[in-house]
Amino acid sequence: METAVKQSPAPAASGAAYRNLVMATIGFALTFWAWNLIAPMSDAYKERLGLSSFQQSLLVAVPVLVGSLGRIPVGALTDKFGARLMFPMVSALTIVPVLLLIPAKDSYGAMLAVGFLLGLGGTTFAIGIPLVNSWFPPAERGLALGVFGMGMGGVALSGYFTPRIAKHGDNLPFLVVAGALVVYAALAAVLVNDRPGRQVPTDTLAHRLGAAGRLRVTWELSALYAIGFGGIVAFGVYLPTYLKTWYDLSPTDAGTKAAGFALVTVIFRPIGGWLSDRMHPALVSSAALGVAALMAIVQAFDPKLMPGGTIALLIMAAGLGTASGSVFALVSQVTPQAKVGSVTGIVGAMGGLGGFVPPLVMGAIYSSKGSYSIGFMLLSDLALAGCVYAYGRMRTIKRDA
């Protein structure tokens, strides 16, 4: 009996499991690049269209909002139809708004409308989590989900490569990303597979979302993820603007440093999942958010970029990345497999919404006060609240709940 228990996870972590993990991670990264195409170019749009700081922030934030809310139905649809259909379909549909950015670039209204459609690229998170979760045994899910979460490095790819590619042609970044999505959608249609024997829910979409929404843990996890992942998304889309405005960096330098921030979050996300395979994920989340809160306070005092500001921002990135990995390790432990997509959709939506609000707040505060300190103090307050709640309440949830 004991031998059988030890050996039973082995078939799950098969070659097919790792193939699906790789494909899901690549797809997540590419669609996240598409989702974040506007942010690295926002200064150019601001100059071309004569936008205020708030209008620029809104333009950057609209895809984040739509992509976040879109995860709720996409997660539930993934429970029903599987990732084999959803991954190539959503990737292919994302090509449309990417190409529409070309004719829309001279109109603010058109850019907002295309940004709304571009939000579709941010929904693939809710497809990949249930796919990866189903293929890996519980003892390995934290690390596997953390590796999948590295796909959020698409934000770093966008921040680093988009402005550099644009130097060779204003429309070239959109053509490159669209071409990559075409290739990926074709490969995903062949190489992405749902696990045999996958539980397929028979009730309606509304009923499944309602059942997931009635779980207390869904909203507890949503709050933690809104702080951790929301902080990552917020910095991913707004950090270039912050660095250019406050530290007078060139667009290229700001994009490079913002990409470095995103890269650190990418590296530490699987570390958060790996640690969560070895101790309660709530403890990992609490410690990580505590570190992020401390560094936000440091940055609120406007240290010089080198070395103080750079160190504070990178350590903050490590804390937020670790927290993002540990929260979804907790999701995989407390959610039945048939509901992972629905719960993931809600939790992922709240995480994305956590990234929608801060850029607007930071832009509005800077426009009215000429400082970012208040925004960083608000971030520290939220992270500290998450730290206390994760330790005080979430660590009481049993690993085998």
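Helices α2 and α5 are roughly parallel to each other, because their axes meet at about 20° and angles under 35 degrees count as roughly parallel. The model is predicted.

## Helix packing

Two packed helices are described by the angle between their axes and the distance between the axes. Three pairs are covered here.

| Helix pair | Angle between axes | Axis distance |
|---|---|---|
| α2 (residues 15-35) and α5 (residues 83-104) | about 20° | 10 Å apart |
| α8 (residues 138-149) and α13 | roughly 170° | within 7 Å |
| α5 and α7 (residues 125-135) | roughly 150° | within 10 Å |

Start with α2 and α5. Their crossing is left-handed. On the α2 side, the contact residues are Ala24, Gly27, Phe28, Thr31 and Ala34. On the α5 side, they are Phe87, Ser91, Thr94 and Val98. By class, this contact holds five nonpolar and four polar residues, with no charged ones.

Helix α5 also packs on α7. Their axes cross at roughly 150°. Angles over 145 degrees count as roughly antiparallel, so α5 and α7 fall in that class. This crossing, too, is left-handed. From α5 come Ala83, Met86, Phe87 and Val90. They meet Ile127, Gly128 and Leu131 of α7. The contact of α5 with α7 has six nonpolar residues, one polar and no charged. Phe87 serves in both contacts of α5: it touches α2 and it touches α7.

Which way does α8 run relative to α13, parallel or antiparallel? The axes come within 7 Å and cross at roughly 170°. That makes the pair roughly antiparallel. Gly142, Leu143, Gly146, Val147 and Gly149 form the α8 side of the contact. Arg269, Pro270, Gly273 and Trp274 form the α13 side. The split by class is four nonpolar, four polar and one charged.

## Pockets

The largest pocket has a volume of about 390 Å³. Its lining counts 21 residues. Gly354, Pro358, Gly375, Leu379 and Leu382 lie nearest the centre. Three elements give two or more residues to this lining: α12 (216-247), α16 (340-369) and α17 (373-392). Helix α12 gives the most, with 10 residues. What is the chemical make-up of the lining of the largest pocket? It divides into 17 nonpolar and four polar residues, and no charged ones.

The second largest pocket holds about 240 Å³ of space. It is lined by 16 residues. Those nearest its centre are Pro40, Met41, Ala44, Pro163 and Ala166. Helices α3 (42-49), α9 (154-166) and α13 (251-276) each supply at least two lining residues. The largest share, five residues, comes from α3. Charge does appear in this lining: the classes are eight nonpolar, three polar and five charged.

## Cavities

The count comes to five cavities of 30 Å³ or more. The second largest cavity contains about 100 Å³ of space. It has 15 lining residues. Pro40, Gly159, Pro240, Gly255 and Ala258 lie nearest its centre. Which helices each supply at least two residues of the lining of the second largest cavity? They are α9, α12 and α13. Helix α13 gives the most, with five residues. By class, the lining of the second largest cavity has 10 nonpolar, four polar and one charged residues.

Some names recur across these spaces. Pro40 is among the residues nearest the centre of the second largest pocket, and also among those nearest the centre of the second largest cavity. Helix α12 contributes to the lining of the largest pocket and to that of the second largest cavity. Helix α13 contributes to the lining of the second largest pocket and of the second largest cavity, and it packs against α8.

## Backbone details

Most residues other than glycine have a negative phi, and most peptide bonds are trans. Two places depart from this pattern.

A cis peptide bond joins methionine 306 and proline 307, with omega about 0°. Proline 307 sits in helix α15 (residues 305-334).

Where does aspartate 248 lie? It is in the loop between α12 and α13. Its phi is near 55°, a positive value in a residue other than glycine.

Technical notes: Residues are numbered from 1 along each chain as its sequence is written. This is a predicted model: local features need pLDDT of at least 70, side-chain atom pairs count only at pLDDT 80 or more; totals for chains, interfaces and linings use all residues. Side-chain values use heavy atoms; hydrogens and water are left out. On a 1 Å grid over the protein atoms alone, a cavity is a set of points where a 1.4 Å probe fits but cannot get out, and a pocket is an open set with protein on both sides within 12 Å along at least five of seven lines; lining residues have an atom within 4 Å of a point. Grid points are joined across faces, edges and corners, and a volume is the space filled by probe spheres set on the points. Helices (H or I, at least four residues) and strands (E, at least two) are DSSP runs, numbered from the N terminus. Ala, Val, Leu, Ile, Met, Phe, Trp, Tyr, Cys and Pro count as nonpolar, Asp, Glu, Lys and Arg as charged, and the others, Gly among them, as polar. Axes are lines fitted to C-alpha atoms, for helices over the stretch in contact, and angles run from 0 to 180 degrees between N-to-C directions. Angles under 35 degrees count as roughly parallel, over 145 as roughly antiparallel, 65 to 115 as roughly perpendicular and the rest as oblique. A crossing is left-handed if the near helix is turned anticlockwise from the far one by less than a right angle, and right-handed if clockwise. Contact means heavy atoms within 4.5 Å.
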